[in-house]
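Please open the structure in your viewer and keep the sequence beside it. The stops below say what to select next and what is to be found there.

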Amino acid sequence: MVDPRSLVAQLLDDEMSAADFDRAYPALLDDPALRDRLSTLQLIGDSLRGRTVPDDGYTLRILARLPRNSGPD
Amino acid sequence: MNPEDSVSPADVDRLLIERFLQGDERAFEVLVVKYQRRIAALIERVVRNGAVAEELTQETFIKAYRALPQFRGESRFSTWLHTIARNTALGHLGSAQAQSDRAAGFEAQSDDDTGAAGTSPSPEEEMVSRQLFETIQRAVAELPGSQREALLLREVEGLSYAEIAERLKTPLNTVRTWIFRAREAVADKLQPSMKSTRSRRW
């Protein structure tokens, strides 16, 4: 059994098989802890690259502006 | 490496795009989360204003959301998204809005009471950000050498697991394990600091 946190890391790194993606993706959507883990991994990467870290509302402000009711063109 | 162990980098994005085009909007959320920081950094390098960069980052993802059905996959999704971001930023620089923003920027610089736009981090947020940065740097410094080297090759140099395995003359699965353990160790050190930021998770 693969640790779901490992799958999240591999998703972020683009290092996973399609079968692992099929396991990781629903787990990511269902589990807030895994989404937090993804954010933490990004934070670590940003810090190591010396990049400014956006505040934690940054994602939500982007998602709030997506024109979801109209859907993609 | 077993060819079934991994797919090419573009494929994870393609799988997310396929799901989005099938009506699963949360797949686009994952793309946003995955790329927002890189896009924000790219735009900020062009416009040199954090608040404007955030606005333009939002616009970039709105454009991508609308245009994704026309994405043909001839380039990587990340390349396509970067092109949208660059064009959005350059378009802004050439617009009248940019003139206004520049003027506002000059005014903000000349008035200590006026900060940048409302999305700029507060002094408290900056302090938390600095503490997180220092915690991460300390935690990475304490990692075993092999784990630290693999993590830095991945995060700083952007090497794939296969490239890291070749560089370190180590089996791919060992590299995967080193990077995973390194991140877990650093993430564990971050946990106490991260608890206060969970209220606005995506």
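Select Lys169(B) to begin, and you will find this residue in the loop between helix H8 (161–168) and H9 of chain B, where helices (H or I, at least four residues) and strands (E, at least two) are DSSP runs, numbered from the N terminus. The model is a predicted one, in which local features need pLDDT of at least 70 and side-chain atom pairs count only at pLDDT 80 or more, while totals for chains, interfaces and linings use all residues. Residues are numbered from 1 along each chain as its sequence is written, and chains are lettered from A and ligands numbered from 1 in the order in which they are written.

Stay with Lys169(B) and look at its backbone: its phi is near 50°, a positive value in a residue other than glycine. Most residues other than glycine have a negative phi. Lys169(B) is also exposed, because 6 other C-beta atoms lie within 10 Å; a residue counts as buried if 20 or more other C-beta atoms lie within 10 Å of its own, as exposed if 12 or fewer do, and as partly exposed in between, with C-beta atoms placed from the backbone.

Move next to Asp14(A), in the loop between helix H1 (4–13) and helix H2 (18–30) of chain A. Phi of Asp14(A) is near 60°, again a positive value in a residue other than glycine, and Asp14(A) is partly exposed, with 19 other C-beta atoms within 10 Å.

Now show chain B as a whole, which has nine helices and zero strands, and of whose 202 residues 30% count as buried. Within helix H2 of chain B, select Arg38(B), which counts as partly exposed because it has 19 C-beta neighbours inside 10 Å. If you add Ser78(B) to the selection, you have two residues that are 40 positions apart in sequence, yet 9.6 Å apart in space from C-alpha to C-alpha.

Which residues of H4 in chain A are buried? Select helix H4 (residues 58–65) of chain A, and mark Tyr58(A), Thr59(A) and Ile62(A), which are the buried ones. Seen down the axis of H4(A), these fall within an arc of 100°, so they line one face of the helix; the arc is that of the directions from the helix axis to the C-beta atoms. On the other side of H4(A), Leu60(A) and Ala64(A) are exposed.

Bring chain B back into view, since H2 and H3 of chain B are among what covers the buried residues of H4(A). H4(A) and H2(B) pack at an angle of about 135°, with their axes 10 Å apart, where axes are lines fitted to C-alpha atoms, for helices over the stretch in contact, and angles run from 0 to 180 degrees between N-to-C directions. That angle makes H4(A) oblique to H2(B), given that angles under 35 degrees count as roughly parallel, over 145 as roughly antiparallel, 65 to 115 as roughly perpendicular and the rest as oblique.

To see where the two helices meet, select Tyr58(A), Thr59(A), Ile62(A) and Leu63(A) in H4(A) together with Glu29(B), Val32(B), Val33(B) and Gln36(B) in H2(B).

Finally, select the whole boundary between the chains, where 50 residues of chain B are in contact with 46 residues of chain A, contact meaning that the C-beta atoms of two residues, placed from the backbone, lie within 7 Å. On the side of chain B that touches chain A, the largest share, eleven residues, comes from H2(B).
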